[in-house]
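Biologist: Could you take me closely through one part of this model, starting from how its domains sit and then moving into the interior? I would like a connected account rather than a list.

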Amino acid sequence: MNHNVRTIVFRCLDLLPDNVGRKMHHQLQNLLENKVLYVRIKRTENTFDEFVKICEAIKIDLNQKSIIEIGSGWLPIFPYFLLYLGKVKNVFSFDLNEHYQKKRIANFNSIFSKNYNTTIDALFNSKYNLPDGVHYYPGENIINSKIPDADIVVSRFVLEHVAPNDIFEMHQKLRNSLKKGTHIVHFISPSDHRAHGDITLSLQDFLKYSKPEWDAIQTKFDYHNRLRLPQYLDIFKSLGLEVVYLTFDTVKEGTAQYDLFKKVNIHSDYNSFSTEELTAGSINIVLKI
Ligand SMILES: C[S@@+](CC[C@H](N)C(=O)[O-])C[C@H]1O[C@@H](n2cnc3c(N)ncnc32)[C@H](O)[C@@H]1O
């Protein structure tokens, strides 16, 4: 959906009473999700491959481990890769919303088992058609949840949608609940998501707005904190978490993206950041408690 149309739709939904707006947003997302299932599976597989590479680099053995996923989204795609390809024992997946649906997961189970030549036995009493090993906690803010015993925490494209203070509280909670040495792996997309569907827009376009201006454009349905890499690092370091792995993309001179970036009149709030810090994208980071 064009980002201007999307913004208008979200702003209209935001005007409705909270429960009505959220319900309609859920239904709209539901329609859009069906269209992009194969693309979504492929992209999540790419993240899983990246995750495996990271684990190899820092010598984490996934076999029979228990993993907490923050932000389940619509389907247990990442949990299935962890379970069936990564051979982990348990995935505890938390989400603020209840997006999983029994029928949709039945369809996903058959697609995933065909694509990855595996057998998925949904538990007969599972409310969501989930197999043994995938534990879903919908309607749960991880900040206020009881944290299960786990070896690794992972999130994929979640942190950019979390308010800075909540990122702090989330990590404080994890640090205080999990054993020393536990790894927290985040895949973060700090770019302007409106640019993902519009190649004429810079991935840093939203940095031209002041905070009040950006807050007037975004809604609770597409919230993006716009944090730059050093701001994430400051939060993690303030909690004494060790950064044991970090990779990110930057926008290279001579590319179309660089030309687009150079045209953005970056707001003075971001004056203290270098070009590399402003454009750092696809952040893969591992923290150690
Ligand atoms: C953009 S979606 C990403 C979903 C999935 N990880 C993926 O890769 O498709 C972000 C999800 O994180 C969830 N989320 C955000 N903050 C959270 C929190 N504090 N606790 C649990 N879930 C959270 C949102 O409800 C949303 O479903």
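Modeller: In this predicted model, the centres of domain 1 and domain 2, taken over C-alpha atoms, are separated by 22 Å. The domain assignment places domain 1 at residues 1-35 and domain 2 at residues 41-288. Where the two meet, nine residues of domain 1 are in contact with nine residues of domain 2. On the side of domain 1 that touches domain 2, the elements that give two or more residues are α1 (3-15) and α2 (18-35), and α1 supplies the largest share, six residues. Sorted by class, that side of domain 1 has two nonpolar, four polar and three charged residues.

From there I turn to the interior, and to one residue in particular. Val 153 lies in strand β4, which covers residues 152-156. Val 153 counts as buried because 25 other C-beta atoms lie within 10 Å, where 20 or more are needed for that label. Once neighbours within four places in sequence are left aside, the contacts of Val 153 are with Ile 68, Ile 70, Leu 174, Thr 182 and Ile 184. Val 153 is also 9.6 Å from Leu 287, C-alpha to C-alpha, although 134 residues separate the pair in sequence.

Val 153 belongs to a wider assembly, since the largest nonpolar core has 48 residues and counts Val 153 among those with the most contacts inside it, together with Ile 67, Leu 82, Val 91, Ala 150 and Val 185. Helix α4, residues 77-85, gives the most to this core, with six residues. In soluble globular proteins, nonpolar side chains tend to be buried together.

The helix itself deserves a closer look. Seven of the nine residues of α4 are buried, and α4 is therefore largely enclosed by the rest of the structure. The buried residues of α4 are Ile 77, Phe 78, Pro 79, Tyr 80, Phe 81, Leu 82 and Leu 83. What covers them includes the helices α3 (37-57) and α5 (102-115), as well as the strands β1 (66-70), β2 (90-94), β3 (134-137) and β4. Just after α4, Lys 87 takes a positive phi of about 60 degrees.

Among the covering strands, β1 is itself largely enclosed by the rest of the structure, because four of its five residues are buried. β1 pairs with β2 in the parallel sense over five bridges, and Ile 70 stands opposite Phe 94 in β2. Ile 70 is also one of the residues that Val 153 touches, so that residue brings the account back to its starting point in β4.

Two loop residues complete the picture. In the loop between α3 and β1 lies Lys 59, a residue other than glycine whose phi is nonetheless positive, near 60 degrees. Lys 59 counts as exposed because it has 6 C-beta neighbours inside 10 Å. Phe 157 lies in the loop between β4 and α6 (164-177), and its phi is likewise positive, near 55 degrees. With 16 C-beta neighbours inside 10 Å, Phe 157 counts as partly exposed.

Definitions and conventions: Residues numbered from 1 in each chain as written. Predicted model: local features only at pLDDT ≥ 70, side-chain atom pairs only at ≥ 80, totals over all residues. Domains from an automatic or database assignment. Contact = placed C-beta atoms within 7 Å. Nonpolar A, V, L, I, M, F, W, Y, C, P; charged D, E, K, R; others polar. Buried ≥ 20, exposed ≤ 12 C-beta atoms within 10 Å, placed from the backbone. Core = buried A, V, L, I, M, F, W, Y, C linked by C-beta atoms within 7 Å. Pairing = 2+ DSSP bridges.
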